[in-house]
Amino acid sequence: MAETPSPKQAAGYAAAKLVETGMKIGLGTGTTVAFFLEALAERIGQEKLEVIGVATSVQTAELARELGIPISDLEHYPALDLVIDGADEVDPQFRLIKGGGGALLREKIVAAASAKVAIIIGSGKRVDRLGTTFLLPVEVIPFGHATTRDCVAKAGGCTPYVRTTEEGEPFVTDNGNYILDCRFKNGIADPEKLHADLSQIPGVAEVGLFLNLCDIVFEGQDDGSVVTLNR
Ligand code: 5RP
């Protein structure tokens, strides 16, 4: 690791210390997770750790394979010891917005399958109210997505935008779905109610609100240190 790691790098390396030999580990998605994977690969090489990883995205599975981290799936390992993943926002109640990388559905399934959920973030992601610095991603099936979008807008009191690629095409998730990025004028007043309301809408595959799904947060600092927050 560089002498003064970036905040994301510091968080990823700190979380890698949670891993013990024999563990089945969920591997999140994103730039912070890439540092965690690097740190985990180093530990596997140096300490001969024996672990099995379950990836939350095709991108993470590819990176893990490149780094020599053994990969399996939830069919073989339905219950995991730990997942380490990133987040887009974290509030004081340890509620999260996730899905900036479009992997929220698999990330939530893997988080729910894990005995412990560790979140790694760089600076600037802790907020007093969710939805104030980041749009809320909602994964929807492509069939009837314009209708689903209108239902999400009405039920959520928000403005949803279909996420697009640089070419202007709808962004397609690993599950073949689309993402609605939802803007809330004054943030999300009641995340639990919003989650319940949006989850009821036909066509919504998953909501990027992670409630009761985070046990510990590692927040990297600009000076390379890490603040650890236990729920
Ligand atoms: C992907 C996610 C990511 O964990 C989240 O977007 C944070 O990404 P990064 O570590 O690149 O800032 O939820 O769906």
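Helix α4 (residues 104-112) lies across β8, β10 and β11, and runs at about 65 degrees to β11. The model shown here is predicted. Those three strands belong to an open sheet of 4 strands, in the order β9-β10-β8-β11. Helix α4 also helps to line the largest pocket and the largest cavity. This briefing takes the sheets, the cores and the empty spaces in turn, with a stop at one loop residue.

**The four-stranded sheet**

- The pairing in this sheet is antiparallel.
- β9 (159-162) and β11 (204-207) are the edge strands. Each has a single partner strand, so one side of each has no neighbour in the sheet.
- From one strand to the next, the twist averages 30 degrees.
- Strand β8 (residues 136-140) is joined to strand β10 (residues 178-183) by 5 bridges, and the two run antiparallel.
- Two pairs mark out this contact: L136 stands opposite C182 in β10, and E139 stands opposite I179 in β10.
- β8 is also joined to β11, here by 3 bridges, and this pair runs antiparallel. V140 stands opposite V204 in β11.

**How β8 is enclosed**

- Which residues of β8 are buried on each side? L136, V138 and V140 are buried on one side, and P137 and E139 on the other.
- Both faces of β8 are therefore covered, and 5 of its 5 residues are buried, so β8 is largely enclosed by the rest of the structure. Buried here means under 20% relative accessible area.
- Helix α4 lies across β8.
- Helix α6 (residues 191-199) packs on the sheet too, touching β8 and β11. Its direction makes about 165 degrees with that of β11.

**The three-stranded sheet**

- An open sheet of 3 strands has the order β5-β6-β12. Its pairing is antiparallel.
- β5 (89-90) and β12 (209-210) are its edge strands, and each pairs on one side only.
- 2 bridges join β5 to strand β6 (residues 96-97). E89 stands opposite I97 in β6.

**Nonpolar cores**

- The largest nonpolar core has 26 residues. V19, F36 and L40 have the most contacts inside it.
- Two or more residues of this core come from each of these elements: α1 (7-16), β1 (24-27), α2 (31-47), β4 (82-85), β7 (117-121) and β13 (216-220).
- α2 gives the most to this core, with 7 residues.
- What does V19 touch, not counting residues up to four places away in sequence? Its contacts are I25, F36, L40, R43, L49, V51, L82 and I84. Two of these names, F36 and L40, appear with V19 among the residues with the most contacts inside the core.
- A second, separate core has 20 residues, and V127, C158, Y178 and L194 are included in it.

**The largest pocket**

- The largest pocket has a volume of about 240 Å³.
- It is lined by 15 residues, and those closest to its centre are V54, A55, T56, D73 and R106.
- At least two lining residues come from each of β2 (52-55), α3 (58-67) and α4.
- The largest share comes from α3, with 4 residues.

**Cavities**

- How many cavities of 30 Å³ or more does a search of the whole structure find? There are 2.
- The largest cavity has a volume of about 40 Å³.
- Its lining is made up of V83, D85, L96, K98, E107, A111, V117, I119, F210 and L213.
- β4, α4 and β7 each give at least two residues to this lining.

**A loop residue: N175**

- N175 is found in the loop between β9 and β10.
- Its relative accessible area is 30%, so N175 is partly exposed.
- Leaving aside neighbours within four places in sequence, N175 is in contact with L105, R106 and E139. R106 is also one of the residues closest to the centre of the largest pocket. E139 is one of the buried residues of β8.
- N175 and T228 are 53 residues apart in sequence. In space, they are 33 Å apart, C-alpha to C-alpha.

Definitions and conventions: Residues are numbered from 1 along each chain as its sequence is written. This is a predicted model: local features need pLDDT of at least 70, side-chain atom pairs count only at pLDDT 80 or more; totals for chains, interfaces and linings use all residues. Side-chain values use heavy atoms; hydrogens and water are left out. Two strands pair if DSSP finds at least two bridges between them. Axes are lines fitted to C-alpha atoms, for helices over the stretch in contact, and angles run from 0 to 180 degrees between N-to-C directions. Contact means heavy atoms within 4.5 Å. A nonpolar core is a set of buried Ala, Val, Leu, Ile, Met, Phe, Trp, Tyr and Cys residues joined through side-chain atoms within 4.5 Å. Buried means under 20% relative accessible area, exposed over 50%, partly exposed in between (1.4 Å probe, protein chains only). On a 1 Å grid over the protein atoms alone, a cavity is a set of points where a 1.4 Å probe fits but cannot get out, and a pocket is an open set with protein on both sides within 12 Å along at least five of seven lines; lining residues have an atom within 4 Å of a point. Grid points are joined across faces, edges and corners, and a volume is the space filled by probe spheres set on the points.
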